[in-house]
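This briefing concerns the pairing of two chains and the surroundings of one loop residue. Please consult the sequence and the structure shown below while reading.

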Number of protein chains: 2
Amino acid sequence: MGAPMAARLAQAGHTVRAWNRNPAKAAAVPGVGACATLAEAVQGAALVISILSDGAAVAEVMPATLPDCQPGSLWVDMSSTRQDEALASAARLQAAGLRFIDAPVSGGVAGAQAGTLAIMAGGSEADVAEAAPVLAVLGRVTRVGPAGSGQVAKLCNQLIVGGTIGIVAEAMLLAQAAGADPAAVRAAIRGGFAESRILELHGQRMLDRNFVPGGQVKTQLKDQNNVLAAARDAGLSLPISAMMAERYRALAQQHPTADHAALLLELEARNPGRRVGAAPDKFD
Amino acid sequence: MGAPMAARLAQAGHTVRAWNRNPAKAAAVPGVGACATLAEAVQGAALVISILSDGAAVAEVMPATLPDCQPGSLWVDMSSTRQDEALASAARLQAAGLRFIDAPVSGGVAGAQAGTLAIMAGGSEADVAEAAPVLAVLGRVTRVGPAGSGQVAKLCNQLIVGGTIGIVAEAMLLAQAAGADPAAVRAAIRGGFAESRILELHGQRMLDRNFVPGGQVKTQLKDQNNVLAAARDAGLSLPISAMMAERYRALAQQHPTADHAALLLELEARNPGRRVGAAPDKFD
């Protein structure tokens, strides 16, 4: 996902230097100066953007990079991490005289290529305002609160996705079991109060029994666990999200790499002999 | 809701005769022949349309009306009822030599006025095709299966609405409790995979703490109970819907006539000291 983002930034006229564990990946990005070392990439840069697999990767890369960063520069971490990991990054940078924004994204590789990512930015108003013109090349930037809040917003997004998949699965299975045509039911209720992107996209996946990812079950489980960790840190009980964490956990034991729409299979397993449609399950 | 529907049918050039328990209501509809009795309204009609408060009202009105109906005519019941009540209507009409469609709607009075209702039709293909040109004046008609299926589709709509309100409430409360701005979080995630009509409409209600109905808690509870009855009849376990029935039941003890977005209050009651926003609660 970093490659199309770097390419868009270069195309918009920014001077971009890039580093990746795999040097060939950085070298392949058009208009971008590929760097052999992290130090080379960040030296003299006013803005550093990181997008890594998780908070552990950020905690590994950031301390190794800090000594070479320009004092006072702004680091935007667009990785999806836990909130406490983002707060640790903010504290680490502040101690070194730098500034921090957590700005995780939603919209996937397609959104990165098109510059239509939803960018959820946590940081001071001044810092987010400074980064906004650059980030706007990548998508729609919304400041959602202080450092760490970007990760909270991303979790809110993920918990809505995970729970809505569960709701849509119940509607599709009830339609089928009660003698209606689930495809026609979905078509009939689209556009009304029941409308959602999940009914549109994952509802169709359930009807087709197409569980080729897409968003994987194991990723949804990681998100649901992070939601529960954030809820625990905030002293909150979130009953639907807690239930969904359990159910994605059960599903991940059998189908970790299936699309998260496969929650339908978990619901069907609770209801032996009940099944939406007649198509064979498709996993790859 | 019957008045704007009758007015649209008359405006489209159909001959419409109308009966209501309250004669003044029928008399007030422009272009419609108000009738003093049910018998007068249905005599010689090729198509009878009923829209009543519930299945009990249908079971009361239909037998009293049947002797005056034209043999072979088609009765479209647009009331929201249980599936078993719709099946009983179908059997009653068939025994009298008439035909039946259940065609409940979604979209409210505004949808009825604009002719944009979602109409979920259960009946034979031939009967739905016969009624479709008339019903198309009122909204978008989708045949969802045999008689009784319209009510199943409506329940699927309602269970998605009720459950999605619960999910959106969890996202808003987590955002607030974890230190983000819930209004900004909602704005940031709109348009992505988390997008829904409920996030759009009921999410805003939660931020405003505006619980003036709208769809009432007691109606949502009735729907959730009907979902569970349909699930039981079909031998299904629907875990989120079962949980939501309990929670709307608890909420209805305190706020039966509040908007169903007031499920946020039930979630806050589970989390003492936690609250979305600072606005006072608004109930009327």
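A crossing of two helices is termed left-handed if the near helix is turned anticlockwise from the far one by less than a right angle, and right-handed if clockwise. Helices (H or I, at least four residues) and strands (E, at least two) are DSSP runs numbered from the N terminus. The model is predicted: local features need pLDDT of at least 70 and side-chain atom pairs count only at pLDDT 80 or more, whereas totals for chains, interfaces and linings use all residues. Residues are numbered from 1 along each chain as its sequence is written, with chains lettered from A in the order in which they are written.

**Relation of the two copies**
- Chain A is superposed on chain B, with an RMSD of 0.1 Å, by a rotation of 180 degrees with 0.0 Å of shift along its axis; the fit is by least squares on the C-alpha atoms of residues with pLDDT of at least 70 in both copies.
- The two copies are therefore related as by a two-fold rotation axis.
- The C-alpha of chain A nearest the axis belongs to A:Ser196, at 2.0 Å from it.

**Interface**
- Each chain brings residues to the contact, 62 from chain A and 62 from chain B, where contact requires C-beta atoms, placed from the backbone, to lie within 7 Å.
- H8(A) gives the largest share of the side of chain A that touches chain B, namely 20 residues.
- That side of chain A divides into 37 nonpolar, 18 polar and 7 charged residues (nonpolar: Ala, Val, Leu, Ile, Met, Phe, Trp, Tyr, Cys and Pro; charged: Asp, Glu, Lys and Arg; polar: the others, Gly among them).

**Packing of H8(A) and H9(B)**
- Helix H8 (residues 149-177) of chain A packs on helix H9 (residues 182-189) of chain B at an angle of about 60 degrees, with their axes 10 Å apart.
- The crossing of H8(A) and H9(B) is right-handed.
- H8(A) contributes A:Ala153, A:Cys156 and A:Asn157 to this contact, and H9(B) contributes B:Val185, B:Ala188 and B:Ile189.
- The residues of the contact of H8(A) with H9(B) comprise 5 nonpolar, 1 polar and no charged.

**Surroundings of B:Pro213**
- B:Pro213 lies in the loop between helix H10 (197-208) and helix H11 (217-233) of chain B.
- Leaving aside residues up to four places away in sequence, B:Pro213 touches B:Thr257, B:Ala258 and B:Asp259.
- The C-alpha atoms of B:Pro213 and B:His260 are separated by 7.6 Å, although the two residues are 47 residues apart along the chain.

Key:
Axes are lines fitted to C-alpha atoms, for helices over the stretch in contact, and angles run from 0 to 180 degrees between N-to-C directions. Two residues are in contact if their C-beta atoms, placed from the backbone, lie within 7 Å.
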